[in-house]
Amino acid sequence: MTMKNRTAPPTVWCIVLAYNGIELTLECLATLRNQDYPHLHLLVVDNASTDGTAETLRHQAPDVELLEAPENLGYAGGNNLGMRHALANGAELLFLINNDTRLDPHCVTALVEEIQKPPICGAVGPMVYTWDNWEIISSAGGRIDWNAADAVNVGASEIDRGQYLPRSVDFVNGCGMMVSREAIAKVGLFDEAFFMYWEETDWCTRMRKAGLDVRFQPAAKMQHKAPLTWREQSPMTLYYMGRNRLFFFARHASGMQRIRALYGASRGLIHGIIQNRLEGNLAASSAARRALVDGWLGRWGRRHFVFH
């Protein structure tokens, strides 16, 4: 039975992806238990944590279903593992949540209401705030800048004065996104070639190309413990963000737009190589260089190296 033919409110499978950070995971689960939407199934996918996450959850969160990945599958693979399990058990709405998030009590309800509105919606995302302030925006939906080869979190660092209304967007931030069973049936799961970063942008782009709407709903609110600037990112994060930026625009741009996008993304990485080296940040410089090489050679998926 499709979601639109249901008479009872759908159960939302909340899939919390965790890689270490057990205290963050427990706090995230506490905010999920405090939701005003009563029909929730809580599932934690432990992405091969090394801090005892699985053992702690078995003892301290017996109400939560636990799925243990055999190795770190990244954002894409870990969420795919959880989604396959949820879909096999009849899930119609899936809410993908990073463990380093906190949710306002009305968050899930607002997302459910939005995703059920016409036109047919594949994914919807909340207003995301910074970790330490419920007024400073981290993301009010996403916009793809095809000319600059960038994915922009709209409103980042702005004070929320109600300036961002519900609307269709290019993508929603992967730290918290609700998707429908129908959308997954139509476009598939995350592409695990990304491993982490840009996969949600790719997924939402595939949904929109398939005729599904992607929307932002500011009545749904959450906080995310994430840096706002590239200078705060680890070298490994910089690598995947830079490499996958090339991957995304090579896949989705075409013609002169594709040429401009790949040129812009490559120029950004070259600037990162030079600037970081001049500043003495050799690890970040090495990450940018590796991202440029692997991006052009088509080396995707998880990569095993240490930047120094």
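Here are legends for five close-up views of this predicted model.

**View 1. Aspartate 202 and its surroundings in helix α6.**
Aspartate 202 sits in α6, the helix that runs over residues 199–209. Its relative accessibility is 0%, so aspartate 202 counts as buried. Leaving aside residues up to four places away in sequence, aspartate 202 touches Asp191, Phe194, Phe248, Arg251 and His252. There's also a polar contact, at 2.9 Å, between the side chains of aspartate 202 and arginine 206. If you want a distance to check, try the C-alpha atoms of aspartate 202 and asparagine 244: they are 9.9 Å apart in space, with the two positions 42 residues apart in sequence.

**View 2. Helix α4, residues 107–115.**
How many of the 9 residues of helix α4 are buried? The count is 8, so the helix is largely enclosed by the rest of the structure. The buried ones are Cys107, Val108, Thr109, Ala110, Leu111, Val112, Glu114 and Ile115.

**View 3. An aromatic pair, phenylalanine 247 with tryptophan 300.**
The structure holds 12 aromatic pairs. One of them joins phenylalanine 247 and tryptophan 300, and this pair is stacked, with 4.2 Å from centre to centre and 15° between the planes. The two partners come from distant parts of the chain, 53 residues apart: phenylalanine 247 belongs to helix α7 (residues 235–252), while tryptophan 300 is in the segment after α9 (282–297). Is each ring buried or partly exposed? Phenylalanine 247 has 9% relative accessibility and counts as buried, whereas tryptophan 300, at 26%, counts as partly exposed.

**View 4. Phenylalanine 248 against phenylalanine 249.**
Here the ring planes meet at 85° and the ring centres are 4.9 Å apart, so the pair is edge-to-face. Phenylalanine 248 and phenylalanine 249 are both buried. Zoom out a little and you can pick up the cluster that ring pairs build from Trp146, Trp198, Phe248 and Phe249. Phe248 also turns up among the residues that aspartate 202 touches, which ties this view back to the one of helix α6.

**View 5. A nonpolar patch on the surface.**
Which residues make this patch? Ile270, Ile274 and Leu278 do, and the patch covers about 310 Å². Isoleucine 270 lies in helix α8, which spans residues 255–278. With a relative accessible area of 40%, isoleucine 270 is partly exposed.

Terms used
Residues are numbered from 1 along each chain as its sequence is written. This is a predicted model: local features need pLDDT of at least 70, side-chain atom pairs count only at pLDDT 80 or more; totals for chains, interfaces and linings use all residues. Side-chain values use heavy atoms; hydrogens and water are left out. Helices (H or I, at least four residues) and strands (E, at least two) are DSSP runs, numbered from the N terminus. Buried means under 20% relative accessible area, exposed over 50%, partly exposed in between (1.4 Å probe, protein chains only). Contact means heavy atoms within 4.5 Å. A polar contact is a pair of N or O atoms within 3.5 Å; within protein, one must be able to donate a hydrogen and the other to accept it, and residues adjacent in sequence count only if both atoms are side-chain atoms. Patches are made of residues with over 30% relative accessible area and no salt bridge: like charges are joined within 9 Å, nonpolar side chains (Val, Leu, Ile, Met, Phe, Trp, Tyr) within 5 Å. Accessible areas come from the Shrake-Rupley method with a 1.4 Å probe; for residues, only the protein chains shown count as cover. A salt bridge is a side-chain nitrogen of Lys or Arg within 4 Å of a carboxyl oxygen of Asp or Glu. Rings of Phe, Tyr and Trp (its six-membered ring) pair if their centres lie within 6.5 Å; planes under 30 degrees apart count as stacked, over 60 as edge-to-face and the rest as tilted.
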